[in-house]
Amino acid sequence: MAIGVLCTASVAAAEPPTSPITDSNYAIELYDGVAYGNAAVVGMGGATVALAIGTSGTLFNPSAAAVKPTTDTDYWSWDYHIDAIAGSSTDYDNNGFTSTYAQNVVGTLGIGARYGEWAIAATGTWQDRPIVTPDPMEADLQATTYRFQLGVARWVQRLDTAIGVTLKSGMFSLVGDCIEDTGDCPTTLFSVSGGGIEVGATWIPREHSVRVGAAASSPIKGGNFEPCDDPVACAGWILPEGVVSAFRLATGVAYRFAGTDWNQLVGGHFRDERSVTVASDLVITGPADNGYGLESFGNQVLQRSGRHTNISTRVGVEWEWLPGRLRLRAGSYWEPGRFVGVPGRLHGTLGVEVRVFQFHLLGKPRRGRITITSDVANRYANGGLSVGFWH
């Protein structure tokens, strides 16, 4: 289990073009350009497609459930994860506007099992983001996004490749907070849901130290509610016709430098070995049909989002300096400009993971660890503290 505490800061940026909302002919784009996931993923700049393993890895590559740890020699096994990050930001989605600090919460959990060459995994992700409105007499908005994935994966031994597919669904809701002066609590403005599919593969050639991964995700479009052009009938808002997310393609490669080959079963409970692992990802996000930014909606204006295809590159390195006791991570990634008139920004990430104790649970030795991570960019900076198990 990992709980992160983030603190963010940003500097002012030039205001990008916007236009007032006059009708419901627009959709809100659901998009995350910053690195997210567990502490290892963030510390390595989000480069994880080729490193994805277990239920937490299924978030980035559906084949991850069938990728066994090199210490797993059993015919069957099970896996789980719980991660949460909470923090503040003045320009979380790089839309070019700065605002008061807003608390963002992102969490994920999952459970999975492997029997022989087959594996299944179920994961869920939630994100809460407040949308600050310009009028202090109006209620601020709380945007909540839930994503669910149910997947199956298989290890194809003759190809040294894990393949997987997940069915995904998403639900997005926008609710007004209470107004302090009046105590009024507006009802849910709208709630929409949609579904899609994601496929992935990881090539792990035996007795070698390289891994290659790829994943493709279909877009999600939801519009299970009636648009509202009349602000009087919709708590003062002109609501969109729906929400949309773009298709996503990702490829990655990773290489491990150590005294032994990476891709082999070694047995035991831990693989304590001095090593350096480097990884790199290329992420392509397609255009969003009639998509506009969420935060600008809170200001009752339209800001075009996802007009063009965007490309993000991510690189990271992990050094297990003291085997079984200390790991150092560093990375960098390019967050492309998703909004019209707003340039992309370069991120730098760091991470330190320290083993702090060891105990036995369910007949197996467990190691506790503390991990510190940071992610810094123009108009964005965060730092995190995570507590969990050493893997």
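This report describes the fold content, nonpolar cores, two buried loop residues and internal spaces of one predicted chain model.

**Overall content**

The chain has 391 residues, and 50% of them count as buried. Its secondary structure comprises three helices and 21 strands. Among contacts in the chain with a separation of 6 or more, 67% are between residues 24 or more positions apart. The accessible surface amounts to about 17,700 Å², with carbon and sulfur atoms accounting for 62% of that area.

**Nonpolar cores**

The largest nonpolar core holds 20 residues, and the members that touch the most others are Phe 172, Leu 174, Phe 190 and Phe 297. At least two residues of this core come from each of β7 (141-156), β8 (161-176), β9 (188-203) and α3 (294-298). β9 gives the largest share, with three residues. Separate from this set is a second core of nine residues, which includes Ala 65, Ala 119, Ala 153 and Ile 204.

**Two buried loop residues**

Ile 21 is located in the loop between β2 (19-20) and β3 (27-29). Its relative accessibility is 13%, so Ile 21 counts as buried. Apart from neighbours within four places in sequence, Ile 21 contacts Tyr 26, Ile 238, Phe 297, Gln 300, Val 301 and Leu 302. One of these partners, Phe 297, is also among the residues that touch the most other members of the largest core. The C-alpha atom of Ile 21 is 9.0 Å from that of Leu 239, a residue 218 positions away along the chain.

Asp 93 also sits in a loop, in this case between β4 (76-89) and β5 (102-115). Asp 93 counts as buried because its relative accessibility is 9%, where the cut-off for buried is under 20%. When neighbours within four places in sequence are set aside, Asp 93 is in contact with Arg 129, Glu 295, Glu 335, Phe 339 and Arg 345.

**Cavities and pockets**

Rolling a probe the size of a water molecule over the atoms shows where empty space remains. In this model there are three cavities of 30 Å³ or more. The second largest cavity contains about 170 Å³ of space. Of its 16 lining residues, those closest to the centre are Glu 29, Leu 30, Tyr 31, Arg 129 and Leu 294. Arg 129, listed here, is also a contact of Asp 93. β6 (118-131) and β7 are the elements that contribute two or more residues to this lining. The largest share of the lining of the second largest cavity is three residues, supplied by β7.

The second largest pocket holds about 500 Å³ of space. It is lined by 21 residues, and Lys 68, Trp 155, Gln 157, Gln 264 and Leu 265 lie nearest its centre.

The table sets out the classes of residue in the two linings.

| Space | Nonpolar | Polar | Charged |
|---|---|---|---|
| Second largest cavity | seven residues | four residues | five residues |
| Second largest pocket | seven residues | six residues | eight residues |

**Elements that recur**

β7 appears in two of these descriptions: it supplies at least two residues of the largest core, and it gives three residues to the lining of the second largest cavity. Phe 297 belongs to the largest core and is in contact with the loop residue Ile 21.

Technical notes. Residues numbered from 1 in each chain as written. Predicted model: local features only at pLDDT ≥ 70, side-chain atom pairs only at ≥ 80, totals over all residues. Heavy atoms only, no water. Core = buried A, V, L, I, M, F, W, Y, C linked by side-chain atoms within 4.5 Å. Buried < 20%, exposed > 50% of the residue type's maximum accessible area, 1.4 Å probe, protein only. Helix = DSSP H or I, 4+ residues; strand = E, 2+ residues; numbered from the N terminus. 1 Å grid on protein atoms, 1.4 Å probe; cavity = no way out; pocket = protein on both sides within 12 Å on 5 of 7 lines; lining within 4 Å. Points joined across faces, edges and corners; volume = space filled by probe spheres on them. Nonpolar A, V, L, I, M, F, W, Y, C, P; charged D, E, K, R; others polar. Contact = heavy atoms within 4.5 Å. Areas by Shrake-Rupley, 256 points an atom, 1.4 Å probe, with all protein chains shown as cover.
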